Amino acid sequence: MRTPLSRHLPTSPLNRVRNLGILAHVDAGKTTVTERMLYLTGAVHKRGEVHDGTTVTDFDAQERDRGITIFAAAVSCVWDDHRINLIDTPGHVDFSDEVERSLRVLDGAIAVFDAVAGVEPQSETVWRQADRHGVPRIAFVNKLDRAGADLDTAVASIRDRLQTVPLVVQLPIGREDAFTGVVDLVRMRALVWATGADTYTEGPVPEELVAEARLRRRALEEAVAELHAEALEEFCAEASLAADTLTKALRDLTRTGDGVVVLCGSAYRNRGTEPLLDAVVSYLPSPLDVPPVRGTLDGEERERAADPAEPFAALVFKVNSTATGRLTYLRVYAGTIGKGDTVLDVAARRTERVGRILRVQADRNTEVDSARAGDIVAVVGVKEARAGATLCAPSAPLLLEPPTVADPVVSVAVEARRSLDTDRLASGLARLVEEDPSLTVRTDAETGQTLLSGLGELHLEVAVEKVRRAQGLEIVVGRPQVAYRETVRRGVTGLVHRHVKQDGGAGQFAHVVLDVEPVGADEEGAFVFSSTVTGGRVPQEYVRAVEAGCRDALAEGPLGGHPVTGVRVTLTDGVTHSKDSSEMAFRTAGRFALREALRACAMTLLEPVVEVTVTVPDSAVGGVLGDLAARRGRVSGSTARAGTAVLTATVPLAELFGYASRLRGRTQGRGTFTARPTGYAPAPAAAAAGTTVGTTAR
């Protein structure tokens with residue numbers, strides 16, 4: 001068995017660093033997995049429990065009250081002479097933006113699955129997020145001690161729903177509450193945990209499992225040989241694979257994404273965590289194993305290697321205001337940074353001074369003198385940089401690609417109960433938006449209300465409560481409203497708009513002709529612009545100005561002032577004036593022309609829809625199905641599982657407000673549901689009349 005080293009490891013060589021995240025659906029047990037990893041590595045000396053509110057990474061008061069992870073938390077530990085920088089990410093769909101920002105700076109991940117439920121909706125969502133970022137993963141099937149737990153069923157769901165090749169390297173010893181350990185199929189040995197023991201004892205494979213273990217080892221060898229050229233050569237020559245060959249092949253397949261190593265255990269019972277740590281070290285990549293970070297400089301793409309000797313480059317992925325000051329979390333990709341150094345915020349073209357550098361352990365930290373390539377640290381003293389900002393050496397600027405930010409889909413009106421507290425509320429909301437880019441704050445032009453927008457009802461509830469606790473305010477919250485969109489159902493052609501303005505001196509002149517139509521099925525994006533103007537009738541710089549003006553016009557549609565999406569605009573003709581034409585004139589013409597065109601188009605209102613997975617007792621299925629139908633839900637699937645039914649349906653987000661309480665009432669508190677966004681769908685005509693944010697306080 002591998003053993004942890006000192007919890008305070010000196011600077012590690014880059015090949016002995018692992019930057020990884022824990023990904024899972026809510027309640028799959030990822031925070032417990034993180035807690036056991038910290039305990040076994042000596043980073044903490046007492047095991048925390050989610051139900052007791054004593055875990056290291058769920059340190060926020062709201063996380064402990066609600067029993068779920070809300071904010072991504074960074075911790076570090078040491079195993080087998082390797083430093084593991086770990087980020088425990090949220091599992092609830094409303095906080096998927098925290099996952100997105102974390103995945104942007106990680107080199108690998110552990111995907112945790114419930115052995116009873118297998119792949120769940122948010123499991124699939126975070127898996128796809130990791131796919132987009134090209135993050136190598138290993139899988140851990142957790143909760144094998146639960147009634148109904150089945151490793152093979154969980155693995156089948158991974159294969160079928162995630163479209164990947166699971167490479168199972170362990171066989172459970174015992175089922176459900178008799179689960180006591182695993183057979184390591186790579187080394188063909190048994191790892192058994194005694195009741196209450198923190199570590200396992202190693203021994204031969206139990207006699208009753210020898211035949212099955214051999215069959216599964218053979219299946220593993222065949223699966224690996226199909227995917228790995230070197231393994232195939234040895235398999236053809238020797239009719240089997242040596243343990244070292246198998247380990248190397250599994251490492252290669254993990255890092256290329258061609259296969260996913262699957263382990264199993266029960267984190268709550270302290271079974272399976274040590275082999276998981278060994279797998280992190282053996283299979284997941286170090287900063288040296290991933291491609292050099294790519295960025296842009298003066299429009300040209302550049303690379304910067306993960307080398308402490310390279311010019312400094314880091315990406316800000318999280319900002320947090322604490323009682324001791326503003327913490328800016330960085331992933332250092334190249335170079336070295338020390339206390340007192342000056343760094344450049346490339347996008348803002350502003351320099352910042354680093355006061356202190358901290359090695360973070362959730363809500364605690366240890367000050368260090370420097371950080372170098374491969375490190376994940378927090379710095380104090382950087383006052384303006386936001387999440388997604390690139391910090392680099394002033395002498396060698398490089399702009400890194402920031403993480404994407406999801407568009408808000410739900411809004412509420414917020415105001416301080418006492419008018420004297422209005423400024424304090426505004427300050428609290430500004431800090432909130434600074435910490436969480438997926439939140440936005442704006443003032444409604446018609447009502448003058450302050451509108452807070454986010455990714456879901458729970459997201460906004462947590463945000464408001466955070467301001468309430470931090471500022472000590474009484475806040476009145478309006479009823480939630482969803483973010484509608486508008487799109488073109490039938491377009492117009494040959495719309496002519498001439499912009500002429502003469503106030504004395506140089507005037508403004510621009511003449512444009514536009515075709516407007518829906519985006520084609522084979523096209524991607526909310527807006528597609530092209531030009532078919534020939535003969536230089538409209539110079540290229542004016543064409544770009546028309547495109548910019550059209551983008552301005554998309555902010556408000558004709559139906560209800562909602563953003564417009566799914567539109568193709570073609571500039572077919574135009575006229576310029578030798579003196580009065582300018583980029584500003586053509587931008588103005590483009591804006592007014594598209595507004596006029598949209599008023600002439602047949603438009604459709606779109607509403608956000610979500611895929612809902614509802615788990616209810618068999619006896620309550622009829623009532624729940626009726627309720628979903630009343631909420632305009634379309635049921636797409638139903639499966640039975642041990643006295644319960646799992647229903648899948650697509651439901652408009654606007655119909656889900658308050659659904660949790662309604663579901664509990666219909667199922668005597670035994671029903672649960674999860675939801676994940678699936679996009680937008682046409683809304684009924686009646687919805688157009690009620691798309692402004694309500695003012696009813698609650």
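Reasoning about loops, helix pairs and cavities

Student: Where does Val-116 lie?
Tutor: Val-116 is in the loop between strand 4 (108-114) and helix 4. The model is a predicted one.

Student: What makes Arg-641 a contact of Val-116?
Tutor: Contact means heavy atoms within 4.5 Å. Leaving aside residues up to four places away in sequence, Val-116 touches Arg-146, Ala-147, Gly-148, Ala-149 and Arg-641. Leu-144 is 28 residues from Val-116 in sequence, and the two C-alpha atoms are 7.8 Å apart in space.

Student: Why is helix 10 called oblique to helix 11?
Tutor: The axes of helix 10 (residues 422-435) and helix 11 (residues 457-471) come within 10 Å and cross at roughly 125 degrees. Angles of 65 to 115 degrees count as roughly perpendicular, those over 145 as roughly antiparallel, and those under 35 as roughly parallel. An angle of roughly 125 degrees falls in none of these ranges, so helix 10 is oblique to helix 11. The crossing of this pair is right-handed.

Student: Which residues of helix 10 and helix 11 meet?
Tutor: From helix 10 come Arg-424, Leu-425, Gly-428, Leu-429, Leu-432 and Glu-435, and from helix 11 come Ala-463, Lys-466, Val-467 and Gln-471. By class, that contact has five nonpolar, two polar and three charged residues.

Student: What makes Gly-428 a polar residue in that count?
Tutor: The class scheme puts Gly among the polar residues.

Student: Why are helix 6 and helix 8 called oblique to each other?
Tutor: Helix 6 (residues 210-227) and helix 8 (residues 243-256) pack at an angle of about 55 degrees, and their axes are 10 Å apart. Roughly parallel requires an angle under 35 degrees, and roughly perpendicular begins at 65. The angle of about 55 degrees meets neither condition, and therefore helix 6 and helix 8 are oblique to each other. Their crossing is left-handed.

Student: Which residues make the contact of helix 6 with helix 8?
Tutor: Helix 6 provides Arg-217, Leu-220, Val-224 and Leu-227, while helix 8 provides Ala-243, Leu-246, Ala-249, Leu-250 and Leu-253. They divide into eight nonpolar, no polar and one charged.

Student: How many cavities of 30 Å³ or more does the structure hold?
Tutor: There are two. The largest cavity has a volume of about 60 Å³, and about 30 Å³ of space lies in the second largest.

Student: What makes a space a cavity and not a pocket?
Tutor: A 1.4 Å probe fits in a cavity but cannot get out, whereas a pocket is open.

Student: Which residues line the largest cavity?
Tutor: The lining consists of Ala-74, Val-75, Ser-76, Asn-85, Leu-86, Ile-87, Tyr-329, Val-360, Ile-376, Val-377 and Ala-378. Strand 2 (73-79), strand 3 (82-88) and strand 22 (376-380) each give two or more of these residues. The classes are nine nonpolar, two polar and no charged.

Student: Which residues line the second largest cavity?
Tutor: Val-50, Gly-53, Thr-55, Asp-58, Glu-63, Arg-64 and Gly-67 do. That lining has one nonpolar, three polar and three charged residues.

Student: What is the volume of the second largest pocket?
Tutor: The volume is about 930 Å³. Its lining comprises 31 residues, of which Ala-406, Asp-407, Val-409, Leu-455 and Pro-677 are the closest to the centre. Helix 3 (96-103), helix 4 (121-133), strand 35 (602-617) and strand 38 (672-682) each give two or more residues to that lining. By class, the pocket lining has 15 nonpolar, seven polar and nine charged residues.

Note on methods. Residues are numbered from 1 along each chain as its sequence is written. This is a predicted model: local features need pLDDT of at least 70, side-chain atom pairs count only at pLDDT 80 or more; totals for chains, interfaces and linings use all residues. Side-chain values use heavy atoms; hydrogens and water are left out. On a 1 Å grid over the protein atoms alone, a cavity is a set of points where a 1.4 Å probe fits but cannot get out, and a pocket is an open set with protein on both sides within 12 Å along at least five of seven lines; lining residues have an atom within 4 Å of a point. Grid points are joined across faces, edges and corners, and a volume is the space filled by probe spheres set on the points. Helices (H or I, at least four residues) and strands (E, at least two) are DSSP runs, numbered from the N terminus. Axes are lines fitted to C-alpha atoms, for helices over the stretch in contact, and angles run from 0 to 180 degrees between N-to-C directions. A crossing is left-handed if the near helix is turned anticlockwise from the far one by less than a right angle, and right-handed if clockwise.
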